[in-house]
Amino acid sequence: MVEGAVISVRGLSKSFGKTKVLNNINFDVYKGETIAIIGPSGVGKSTMLRCLINLEKADAGSILIDGEYLVRDGHYENERTCRKICSQMGMVFQSFHLFPHLTVLDNLIYAPKYVNREDEASAKKRADEILRKVGLADRKESMPSQLSGGQQQRIAIARALMMNPEILLFDEPTSSLDPLLKNEVLSVMRQLAEEKMTMLVVTHEMGFAKEVADRVLFVSEDGIIADDSPDKIFNLPSNPIIKEFICSIKAV
Amino acid sequence: MNFSYLVSIFGQLSDGLKFTVGLFFVTIIFSVPLGLVLSFIRVGSHKIIQRILGGYIWLMRGTPLILQLYFFYYGLSLVTSIQLSRFNAAIVAFILNYAAYFCEIFRGGLLGVSKGQYEAAKVLGFSTLQTNVRIVIPQMLRITLPSVANEFITLVKDTSLITVLAIDEILNLAKKIVNTDVNISAYAVVAVYYLIATFLLTKLFEYLEKKFAY
């Protein structure tokens, strides 16, 4: 494992039934990096991300999160240890998954209050600050259904931030949003990147990958076929698969 | 027939309310939590318990409630040494019958809570119990509220079935008055009782649906 990496993945493999989705995946993430994970659909980008936070179980390989093994050579720690290790990470989903029966404020303070036993007043105070940061300070009494998709996704990011994560995982955070709403979410993510939050972003937003990411992982059916700066990936793609993918996107 | 006669019947029928209302509340108080617990088992993965639970639900939904009343009052003492009183037999039959229906309603509600809710709760660190109590059950109850309202209203009227065990609930009293007075207006008065009860429940559930709308 590499010294100083907050996430190290080695030999990660995963199948759903007979379909092999991930085959021998290796990569490292360093503190403060923003990593864009791009590539065609159906090659396991989301599955890879979900393995990191224990929403999917890997069949083989190792995942090291901030010096602790979540899984080592295919063997998982007990559920409690896994939960502790994963508590350093937050996740933002494509379809937000806000709790629809709770107000925005309750969406934010529930986990600090019930998981971390933080007192309500302090959680509320932090919620105010974080809501201001995502530009939604005036919506804390709203129900999620009263918000636009972009607003919901910003609340989802705020909810993840409430747990003070070391690392944030984004699983296609803007894929279900129209272009206008995408931008408000991307600008929050850009701000987080500037604050040196460690982020892994599975995305089809090539603009974001190009401008904001420190590094781009290109995933194809053969695994991670490129792990390089956005400049190299987008301007000098060496691999024909990447070249074709980039060209097809430019054509759009 | 005059108005004061109807009012006097209304008064006489109120003697039966303790059975009608009592059966209603006891059934609700026990069958809703029981149905809730069973619904979680039903969506679980334990094969043998699943089978047993499936059999129980089939039996309860597959036979008339009247037959179940007969069984718990007349039949149970033949196969065991337990002889329940008339009202206790009614309570047992109603709780077991209604729990089966509530189990199925809640199961439907649980399936209506999206997988994403469980995942969001998990990545935030909620335990399974916290996820169920704080996230899943509130949403499930909201989803099932209209069906639950339906069951409550059906239960109000089903309480009249215990007439077959010669319990003096309001319908049985009405029947006796009809026979004694040779006048069927007691049936109209008993209908008013049921209509009042179902009206109140309808309003209650309308309020709840509005209050917990999201």
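I'll start with one strand pair: in chain A, β10, residues 215–220, runs antiparallel to β11(A), and five bridges join the two. One pair to look at there is Val219(A), which sits opposite Ile224(A) of β11(A). Keep in mind that this is a predicted model.

Now the sheet around that pair. β10 and β11 belong to an open sheet of six strands in chain A, with mixed pairing and the order β7-β8-β9-β3-β10-β11. Which strands stand at the edges? They are β7, 89–92, and β11, 223–228, of chain A; each has a single partner strand, so one side of each has no neighbour in the sheet. From one strand to the next, the twist averages 15°.

Next, the hairpin. Strand β1 of chain A, residues 5–16, and strand β2 of chain A, residues 19–30, run antiparallel and are joined by eight bridges. Phe16(A) has Thr19(A) in β2(A) as its bridge partner. Two residues lie between the strands of this hairpin, and Gly17(A) there has a positive phi near 65°.

Last, the contact between the chains. How many residues does each chain bring to the contact? Chain A brings 19 residues and chain B brings 16 residues. On the side of chain A that touches chain B, β7 and α3, 104–114, each supply at least two residues. α3(A) gives the most to that side, namely three residues. Sorted by class, the side of chain A that touches chain B consists of 12 nonpolar, six polar and one charged residues. So β7 of chain A comes up twice: as an edge strand of the sheet, and as a supplier of residues to the side that touches chain B.

Conventions
Residues are numbered from 1 along each chain as its sequence is written. Chains are lettered from A and ligands numbered from 1 in the order in which they are written. This is a predicted model: local features need pLDDT of at least 70, side-chain atom pairs count only at pLDDT 80 or more; totals for chains, interfaces and linings use all residues. Two strands pair if DSSP finds at least two bridges between them. Helices (H or I, at least four residues) and strands (E, at least two) are DSSP runs, numbered from the N terminus. Axes are lines fitted to C-alpha atoms, for helices over the stretch in contact, and angles run from 0 to 180 degrees between N-to-C directions. Two residues are in contact if their C-beta atoms, placed from the backbone, lie within 7 Å. Ala, Val, Leu, Ile, Met, Phe, Trp, Tyr, Cys and Pro count as nonpolar, Asp, Glu, Lys and Arg as charged, and the others, Gly among them, as polar.
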